[in-house]
Amino acid sequence: MKLHRNLVFAVIDALNLIFNENEYADKVVQKVLRFDKRWGARDRGFIAETTYEMVRYKRLYAEIAEVKAPFSRPDLFRMWAVWAVLKGIKLPDWKQIEPTPERRIKGKFDELSKIRKFREAIPDWIDELGEKALGDKLWTEEIAKLNEPAEVILRTNTLKTNKETLRKALLDENIVAEPIRGYPDALKLVERANVFVTQAFKNGMFEVQDASSQLVAAFLDVEPGQRVVDTCAGAGGKSLHLASLMENKGQLISMDIYGSKLKELKRRARRNGAHNIEVREIDSSKVYKKLYGSADRVLIDAPCTGLGVLRRNPDSKWKMQPEFLDKIVQTQHEIIRNYSKIVKPGGKMVYATCSILPQENSHQVQSFLKSEEGKDFTLVKDKKIYASKSGYDGFFMALLEKSN
């Protein structure tokens, strides 16, 4: 593999922004890829994949390179050299790259690979938390799987097309996608590709959405004509799925505390041809209190640690602090109690997170059921999804029903 200096320098620039300036990896990669219009798909792929892999294994590479945060530019080059040696890439003769002791790097890698927190490159506190929550065996399998890059999964927008028509439309644009058993609307890309530039995407035929995430809307058991409320809609991935399951009939109220995300949802809804979505920004408690006792279905896709989606957000393990878990558990506690009041008698609610920690999931549901607000609800079923078992993101969802 021939290394181009400007591509490696772009990776170093990206790592500096992510590690030292605390910027988000996905935003940084987008920004860095705009540096040079002449870069082709292979160049851009090298920058994006190398950056993500180095973010994923930051602790391991830093340990082997014997450097500590905050990282200087020479430190970042040393870490990059470790990555290159472990990949079997011949190091170029550049002044930024000091003579690199390849045998020592490999020896150190073999030694550190025996210790999970170095091998999987995670902070001590997350390693301890995961082991305590899931047990040694499951946590070891799970964190290994969460370190693998996520595949690109599409959800067919059934308001506009069906899976087979979409598959053929993508094939016409030289993108090969396959159905996944057990996921009715999902297609998996055989090779990574920028699907956002396709005509199929512009025509609203699909959204990019992980297979596990695609199970949440279906879990809510919605029917056309109902009044459905998505309480933490964000940019609307699950709202759009709900709209298609409702066949555009009935009322779907998508709420969030962030107006900017709802703006994005409106844009996506137009492209999807989803006409039954009404967005409401939660700028005070009045917004959701007005809806108390009025909805057939309520989705609470609660904010969480995001430990189940580390495959696509590897930098979050470095940004997260131990106190964040306590804070988010408290937020979830309040959200489920406030928003559950929107469910009308006989209605149903789903509480979901993209976390694998019981304290954010089954413990929250059990605690809610014992509370004053939860006394009229019963747990119909729940589903714990582990990346190591499913191959897709880690998720939790619980379906609760309110008595008449």
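Two strands are said to pair if DSSP finds at least two bridges between them, and with that in mind this tour of a predicted model can begin at a pair of strands.

Select strand β6, residues 251-256, together with strand β7, residues 277-281; the two pair in the parallel sense, over five bridges. To look at one of these bridges, pick M255 and then R280, which is the bridge partner of M255 in β7. Now add helix α14, residues 259-272, to the selection, and the view holds a right-handed β-α-β unit made of β6, α14 and β7.

From α14, keep K266 as a landmark and select L33, which lies in the loop between α2 (25-32) and α3 (41-56). The C-alpha atoms of L33 and K266 are separated by 27 Å, and the two residues are 233 apart along the chain. With a relative accessible area of 13%, L33 counts as buried, because the limit for that class is under 20%.

Next, select helix α13, residues 237-245, which is mostly covered, since seven of its nine residues are buried. Colour K238, S239, L240, H241, L242, A243 and S244 to show the buried residues of α13. Then step to E247, which follows α13 and has a positive phi, near 55 degrees.

The cysteines come next. How many disulfides does the model contain? With a limit of 2.5 Å between the two sulfur atoms, the count comes to zero. Select C232, which is in no disulfide, and C304, whose sulfur is the nearest cysteine sulfur to that of C232, at 10 Å. C232 has a relative accessibility of 16% and therefore counts as buried. Keep C304 in view and add C354: the closest cysteine sulfur to that of C354 is the one in C304, and at 3.4 Å it is too far for a bond, because a disulfide requires the two sulfur atoms to lie within 2.5 Å.

For the last stop, turn to the surface and select L171, V176 and V190, which form a nonpolar patch there, with about 240 Å² of accessible area together. Of this patch, L171 can be placed in helix α10, residues 163-172. Is L171 buried, partly exposed or exposed? Its relative accessibility is 41%, so L171 counts as partly exposed.

Notes: Residues numbered from 1 in each chain as written. Predicted model: local features only at pLDDT ≥ 70, side-chain atom pairs only at ≥ 80, totals over all residues. Heavy atoms only, no water. Patch = residues over 30% accessible without salt bridge, like charges linked within 9 Å, V, L, I, M, F, W, Y side chains within 5 Å. Areas by Shrake-Rupley, 256 points an atom, 1.4 Å probe, with all protein chains shown as cover. Salt bridge = Lys/Arg side-chain N within 4 Å of Asp/Glu carboxyl O. Helix = DSSP H or I, 4+ residues; strand = E, 2+ residues; numbered from the N terminus. Buried < 20%, exposed > 50% of the residue type's maximum accessible area, 1.4 Å probe, protein only. Right-handed = clockwise from strand over helix to strand, strands pointing away.
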